[in-house]
Amino acid sequence: MAELLRTYKTSQGDSTDLICDMPMDNVPESTISGQTISERILSVYTRLKEFLPHMKTVMEQQKDFNPPTNPVAEGLDMMITHVRHTALRVNCLLQILQPNIPIPEPAERPTGIPPAQNIFQQKAYGCIVLSRLQELLSKAVQEQKSLRGEMCRKRTKNAF
Amino acid sequence: MDTSHHFFLLLMFLHYTIGTNTSCVKILPDSNSSILVELGKNFTATCHLLERSAYTSDDIEWLLDDYSSIAKQHYHKINESSVSVTVNVSRNMNGWLRCKASRKSLSFTPSCFYGVSLRAGYPPLKPENLTCMAVQEGSGISPYLKCSWDPGTRDPLLDTTYTLYVEIGVEPTYSNSCKQRLAESCTVNLSTFPVFMDVNVCVEVKNELGSVRSDKLKWDALTLVKPNPPLDVQPLAEVNFSTSLMVTWKPPIEKTTMPLSYLIRYCKVDSDVWIEVPEISTQAHKESFRLQSLKPYTEYVVQMRCIKEHNESYWSEWSANATVRTAEAEPASAPDLWRIIQPTSDGRNVTLLWKPPVKANGVILKYELYISQDNGKLERLDEVADNRMHLMQLPPGKEANIEITATNSIGVSPKATLFIPRSDRERPGVGSVSWSVRDEELLVEWTGASNAHVSEFLLEWVNVQQRDLQPHWQRVPRNANSTTLTGFEKLKRYNISVYPIYKHRLYTQAGRPVTKAVYIQQESPEKGPTVTVTKSKKNSAELTWEEIPLDSRRGFIINYTIFYWAGNTDRWQSVTVGDHVRSHVLTDLESETDYVVHIMASTVAGSKNGSDFNFKTMKYGDGEVEVIVVVVCLSFLFLTVFIIMICLRKKEVIKQLLWPHVPDPSDSSIAHWSPDFPVKADMPKEDVSVVEVDVFDGKSLCEEDKTVLPLKKDKYLSEEHSSGIGGSSCMSSPRHSVSDSDESDSGQTTASTVQYSSVVASGYKGQTPNHPPPVFARSESTQPLLDCEEHPDLLNDSGGLSSRNSYFRRGRELEPGALAQDCGEPNGGSLTFCPVQEEEASPIVEDPPASGVSYMSQKSGYRPQ
C-alpha cells in the first residue's frame, strides 16, 4: 500500500504531499472504533467496504488521466482486489467469532463526490483516499497484532 | 469390329464400377465422422443386408482396415439379413471396419461393401499430485499461478484438454485450458494474487471419450508462493572477532504480506562442504545473524534462502555467493622448518628452508630466526616474509640449534626447532623405501623405522631436472609407514628422500635419508643415444655411447639394444646390454665390410632409436700387417745374405769375369831384358802424356791431399756412404755422387781419379751442371799411366801416398760386398769405375817407376794394354 501511495504521488507531480493532507468530507475516515474485539473487527470490515467504491472512482479517474495500463491504475486494481479479499477474510472471521449475529453490510452507496471535479480536485481526492486507506490498513495491522497478543495471553492463562 | 469391341469393354467397366459402388449392406452404428471406440473395450457393430440385396446373412464377412477378416466366432447372426460382430478394440483397429457381402461360389453378382471409420483411444486419467506455485515478482507476488500434476503415463491417443480451475472466495472462478496430450502443467492468471485468501484448485481433463476432474485442493494462497532469495546478503568481518562473521540481509517481500524465516549456509572458499545454520535461529523478522566458530583469516562464502515462516511456502532459491574473510588472529602453529646439508671440502653448507605456519591466521609479516652453534648464544636474524631460505656454514665437527617463529599483525607463532648434529653423529635412517604410482599419485612406503624416539617422518622430493633444485617436503605421523604424494610433473625425474625425525631434547633432528629416484609417469626416451665406433678391427668393433641427457630420458633406462647390419644387406643383428653399459664390442663381423649401427634405449614405457653410425671393418687383423712386413724383410735379408755369400764364395770367378787379368809389365820379359844401349834414352816418353784440362782451381791432387784430405775425412766418408746418383759410391763419379760437396772436393776428387781420361761432363742423365763441365782429354798412349804423373816429385812423399792409399783402402774396407755388387753392375754409367785395388797399388808404392803405371777403367771396361 505504501508503495502504491508512493507511486501515486510520484505520478501526480509536485506538491502532492500538501494536497494529500487536505480535509475532504466525503472520504471515509481511517479510524477504528468499538470497545470489544468483535466491534473493532466489524469497524475494520465496515471501513474496508466503505473505501472500495472510492478506490474504484480513483482508478477510473486515473485511467482517464493516463493510459489504462499505467502503474497507478494497475496498483489500484490490485489494491481493490486486496481490500476486497481482506474484507472477505474479516467477514469470515466475524462469522467465526459471532456465528449467530448477522454482519451488517454497508450499503453500496455512491461516493458522494460531485462529478464535476477538475483535475486538481481529482488528484487531491485520489491522494486523500489512498492516504486514509493506508492509515486504515496500518491501524488494522496494529489491531491484528494487539488481538494476537491478547489471544496468546488468554491462551497462556488457560494453559496454566 | 474394333468399335464394337471397345464399346463392349466400356460397358463391362461401367458395370463393374457401378456394381462395386452400389452397396447392398449397411453398418450400424454409422457416422459421418469417425466412430470413437475405447481401447480395451468391446465394440459391437451390425451389418444389415438391404432389401434389394441378393445375399443372405451367410454371405456377410467383416473385414478390418487391412482387409484381414475377423474370425467367424466373433459374428452373431441376428436374423437372415443381419449379422453383428463384437471385437475387443485394439490399437490396430484404427481405420475402417468393413462389412462385405459376397458369394463363395462363382457368381457374376457383384460384392457389396460398407465401412465405418473407427478411431481408438483412451478416456483421460485423473490427474494426481496437484501442486501450484506463484513466484515473487518485484516486491509483490505474481498473479500467475502455475499448477502441475501427474497426468499418468497412458497416452489417450486423442486430443485432450486440461482445464485448471481456481476459486478464490466468492469471486468468479479463474480458469485456463491447456490442450496437450499428457500435459503436466498449466498456468492461470488470477489478475491479482490473493494474499491471505484461500484458493481452491482443481484440474479437469476432457477428451472425446470422457472427462475427469482431479481432487479439489484448498490452500492458503501464500503457501503457494515461492519468494525471491533474501536481498543484500552481506557477511561482515569484525576486527578482534576473528572467529565470527556478521551476516545481514533484507527480506525480499513485505513482512506484513509474507513473514519469512531464513536459512544460512556457509563454507570455506574452494570447498564444497556447506555448513547450514538451523533455520530456527533465523526466524521471521530477523535481518542479521552472527556466524561463529569460524577459522581466523579464512575466506568464507555465505548464501541464504527464505521461506514463509513455519515452512508454509516454497523455499526460495539460494542467494548469490557473498564472500568475506574473517579477521586475523595470532598464528596458531609454528612454521615448518627444514634444512638441506651439502658437504663441502671445508665444511657443510646448510640451507635452512621454511614454510609459513599452517594456521598462520593472517598475513605473515616476518620470520625471526635464531641460530646457535655448539650451544653458544642464540643469534637472532629477522627475515622478511617473502624470504624463506637462509644459508649458513657449519663445520662438520659442530652442531647447530635453530629456532624460527612467524609474526603477523596480531602476534607471534609458536617456534619451530631443528637440531643439526655433528657429521659423525647422525641418527639412523629408515630401512628401505619403495614407491609405486596410482592414478598419478605417488605412494611411498618405507620400513624399519619403528623407533620409539621417532616423532614423525619427513618426505623430501626434488625435481632433479630443475636447475635450482627447489625441494618440497611433507611430514607424516610417526605411526605411518606410507603416504601419498601429489603434484609431480610427468616425465620428470624426482629424488624422494625419507627422513625419520627424532626428538632431541626440545629440538627435532633428522636421521639419515634414504633416497630413491622416481618417475610419476614414464615414456620412451625423447632421443636415442649417439653411438660412435672407437676401435674398428677386422672382425670386431668397439662401440661407445653417451648416456642420454636427463631431460631427454623420460624414464629409467632399463637396457640398450644395439642394432647393426652390413650396409649391403638387410639382415640386422641385435645385442641387448644393461643400462649401465656405455661401450660394447661387436664381434663376428665380416672384414672390410661397411656396417651400420644404432642403439635403442628402452624404458618400461617404450624405446627410442639413436642415429645411425657407419663404420667399416679392417682388411687385416691385428699383427697381420706386421707379420707380412717382417716376413718380407727377413726374406729380403736372407736373399741379400745369400747373394753376398755367393759373391764371397765366387769372388775369384767374379773377379775374373769383371776384371780380366792384366799382365804385369814388371814381370814381362822386357823387364828382364838387358839391352846394350841405355834403355831410358830410347824410351818414348813423349807417348805418355797427360793433357789435363781442369776447370777448377787447378790444384793437384797431391797438394789437396796434403791439406784437405785429413780435414775432409768425414766428408769422404759421406761420399763413400752415399749411394750416389745412378750408382754406388765406388762406381759413380765423385763429382756427381757428392752433389753437396764443395767445389774443391769435387775438383780434387776428379783430378785425383780421372787423370787419364778425356771426359766431357754433360751431367748425369741429362742433368746439366751449373758450372762449365770439366773436360778431360785422354792420352792416346797405350802405356799405363803413372799415378800423379804431373807431380812426380810426390811419388816418394809418404804423406801424400799414405793419404791416397788410405783413401782407396777406406773405400775397399767399407763395403766389400757393395764393392762386389757395384762391380757386378753392368751399367755403371759412363763415368763409373772401380777403385784401384790395393793389391794393385802396393807394387806401385814399393816400386815407384812401376807403381806409377796403373790401369783405369773406361766406359766399356778395361782394355788390356
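## Strand β15 of chain B and its partners

In this predicted model, strand β15(B) and strand β17 (residues 217-220) of chain B run antiparallel and are joined by 4 bridges. Within that pairing, Asp198(B) sits across from Asp220(B) of β17(B). Strand β16 (residues 210-213) of chain B is also antiparallel to β15(B), again with 4 bridges, and here Glu204(B) faces Arg213(B) of β16(B). Getting from β15(B) to β16(B) takes a hairpin with 2 residues in the link.

Then there's strand β12 (residues 161-168) of chain B, which pairs with β15(B) in the antiparallel sense over 8 bridges. One position to look for in that pairing is Val166(B), which stands opposite Val201(B) in β15(B). How many of the 10 residues of strand β15(B) are buried? The count is 8, so this strand (residues 198-207) is largely enclosed by the rest of the structure.

## A four-stranded open sheet

Further along chain B, 4 strands make an open sheet with antiparallel pairing, and their order is β29-β28-β31-β32. Its edges are β29 (379-384) and β32 (416-420) of chain B, each of which pairs on one side only. On average, and ignoring direction, neighbouring strands in this sheet are turned by 20 degrees against each other.

Take the pairing at the β29(B) edge: strand β28 (residues 366-373) of chain B runs antiparallel to β29(B), with 6 bridges between the two. Lys366(B) is one of the residues to pick out here, as it stands opposite Val384(B) in β29(B). Lys366(B) also turns up in a salt-bridge network, where it is linked with Glu368(B), Arg380(B) and Asp382(B).

## Salt bridges

Side chains of opposite charge can pair when their charged atoms come close. Counting over all chains, the structure has 33 salt bridges. One of them pairs Glu38(B) with Lys41(B), with 3.3 Å between the closest N and O atoms. How exposed are the two partners? Glu38(B) is partly exposed at a relative accessible area of 22%, and Lys41(B) is also partly exposed, at 45%.

Another salt bridge brings together the side chains of Glu299(B) and Arg325(B), at 3.9 Å from N to O. Why does this pair tie together separate parts of the chain? Glu299(B) belongs to strand β24 (residues 299-308) of chain B and Arg325(B) to strand β25 (residues 322-325) of chain B, so the pair connects parts that are 26 residues apart in sequence. Glu299(B) is partly exposed, with a relative accessible area of 31%, and Arg325(B) is partly exposed at 34%.

Lys538(B) and Glu624(B) form a salt bridge too, and their closest N and O atoms are 3.3 Å apart. This one links distant parts of the chain: Lys538(B) is in the loop between β41 (531-536) and β42 (541-545) of chain B, while Glu624(B) is in helix α3 (residues 624-649) of chain B, 86 residues apart. Both ends are partly exposed, with relative accessible areas of 23% for Lys538(B) and 29% for Glu624(B).

## Chain A: helices without strands

Over in chain A, there are 5 helices and 0 strands, so to speak a plain α-α-α-α-α when you read along the sequence. Of the 160 residues in chain A, 39% are buried.

Two packed helices are described by the angle between their axes and the distance between the axes. For helix α3 (residues 37-65) and helix α4 (residues 71-97) of chain A, the angle is about 160 degrees and the axes are 9 Å apart. With the cut-off for roughly antiparallel set at over 145 degrees, α3(A) therefore counts as roughly antiparallel to α4(A). The crossing of α3(A) past α4(A) is left-handed. What sort of residues make up the contact of α3(A) with α4(A)? By class, there are 19 nonpolar, 4 polar and 5 charged residues.

Definitions and conventions:
Residues numbered from 1 in each chain as written. Chains lettered and ligands numbered in written order. Predicted model: local features only at pLDDT ≥ 70, side-chain atom pairs only at ≥ 80, totals over all residues. Heavy atoms only, no water. Buried < 20%, exposed > 50% of the residue type's maximum accessible area, 1.4 Å probe, protein only. Pairing = 2+ DSSP bridges. Axes fitted to C-alpha atoms, helices over the stretch in contact; angles between N-to-C directions. Salt bridge = Lys/Arg side-chain N within 4 Å of Asp/Glu carboxyl O. Parallel < 35°, antiparallel > 145°, perpendicular 65-115°, else oblique. Left-handed = near helix turned anticlockwise from the far one by under 90°. Nonpolar A, V, L, I, M, F, W, Y, C, P; charged D, E, K, R; others polar.
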